[in-house]
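Welcome! Please take a moment to turn the structure around on your screen, and then read on for a short guided tour.

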Amino acid sequence: MGMGEPMLNLKSVLEAHRCLNKDVQIGQRMITISTVGVPNTIKKLASYKLQSTLAISLHAPNQKLRESIVPSAKSYPLEAIMKDCRDYFQETSRRVSFEYALLAGVNDQVEHAVELAELLHEWGRGHHVNLIPFNPIEGSDYQRPYKKAVLAFAAALESHKITTSIRQTRGLDASAACGQLRNEFQKSPLRIDSSTSSSESDIAVAS
């Protein structure tokens, strides 16, 4: 999660999964593979019948809103994703987790929660929603919703029989929460001192 799109490099992801499971002795059910959704890959992943969790970065209850938040959504319509997730559950008997970043005034209203619940029920059972309040980042157009809005969203989902969790945010006070460290690095990337010799530079980069 956060290391790039796994479905674009599935061969290496499966090898890493094998290593973590067999060599490091981490149970498959303790491993999550997170994807924004790439056409024709969820079905392929299902064929391996892993017991790990598949997490879909959804962030919206309908195609139009999702396209405005997730640019790549245009190439993988919501209906196709939901069909593939339904088939994944039927193939593996493992429920799918839907990641939903709550953006103030964009996708965090109770009506969005109701629409999301209807979408999930339409495509069967075997799902869970993980709500992620947005971590404010300098220069971003998005804002973190108030706690009241987050709780109301979760309550609306639960009232429609959707299992829901709210991700606990850590490091927010030190600008070290999810997404913030990356933003800080982009603003001031690591540089090598111009006085450093070429051989020393090579060592610095390699380390």
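The report below goes from the overall fold to the sheet, the surface and the salt bridges.

## The overall picture

What you see is a predicted model. The protein chain has 207 residues, and 40% of them count as buried. Its secondary structure is made up of eight helices and five strands. If you follow the chain from the N terminus, you meet these elements in the order α-β-α-β-α-α-β-α-β-α-β-α-α.

How much of the contact pattern links residues that are 24 or more positions apart? Such pairs account for 66% of the contacts with a separation of 6 or more in the protein chain. On the outside, the chain exposes about 12,500 Å², and 53% of that area is supplied by carbon and sulfur atoms.

## The sheet and its helices

The five strands come together in an open sheet with parallel pairing, arranged as β1-β2-β3-β4-β5. At the edges sit β1 (32–35) and β5 (164–166), each of which pairs on one side only. On average, neighbouring strands of this sheet are turned by 25 degrees against each other, direction ignored. A good place to look at the pairing is β1 and β2 (residues 53–57): the two run parallel and are joined by four bridges. Here T32 stands opposite T53 in β2.

Two helices are worth finding next. Helix α4 (residues 78–92) lies across β2 and β3 (96–102), and runs at about 145 degrees to β3. Helix α5 (residues 110–122) packs on the sheet as well, where it touches β3 and β4 (127–133). The direction of α5 makes about 155 degrees with that of β4.

## A nonpolar patch on the surface

Now turn to the surface, where L20, V24, I26 and M30 form a nonpolar patch. Together these residues have about 370 Å² of accessible area.

Take M30 as an example from this patch. M30 is found in the loop between α1 (10–23) and β1. Is M30 buried or exposed? M30 counts as exposed, because its relative accessibility is 69%, and the cut-off for exposed is over 50%.

## Salt bridges

Side chains of opposite charge can pair when their charged atoms come close. The structure holds six salt bridges. One of them joins R18 and E15, with the closest N and O atoms 3.1 Å apart. The two residues are three apart in helix α1, so about one helical turn separates them. R18 is partly exposed at 35% relative accessibility, and E15 is partly exposed at 43%. Another salt bridge links D87 with R86, where the closest N and O atoms are 3.6 Å apart. Both partners count as partly exposed: D87 has a relative accessible area of 27%, and R86 is at 30%.

A further salt bridge connects E99 and R167, whose closest N and O atoms are 2.8 Å apart. Which parts of the chain does this pair tie together? E99 lies in strand β3 and R167 in the loop between β5 and α7 (180–187), so the pair links parts that are 68 residues apart in sequence. E99 is buried, with a relative accessible area of 6%, whereas R167 is partly exposed at 27%. Finally, salt bridges that share partners join E15, R18 and D23 into one network.

Key:
Residues numbered from 1 in each chain as written. Predicted model: local features only at pLDDT ≥ 70, side-chain atom pairs only at ≥ 80, totals over all residues. Heavy atoms only, no water. Buried < 20%, exposed > 50% of the residue type's maximum accessible area, 1.4 Å probe, protein only. Contact = heavy atoms within 4.5 Å. Areas by Shrake-Rupley, 256 points an atom, 1.4 Å probe, with all protein chains shown as cover. Pairing = 2+ DSSP bridges. Axes fitted to C-alpha atoms, helices over the stretch in contact; angles between N-to-C directions. Patch = residues over 30% accessible without salt bridge, like charges linked within 9 Å, V, L, I, M, F, W, Y side chains within 5 Å. Salt bridge = Lys/Arg side-chain N within 4 Å of Asp/Glu carboxyl O.
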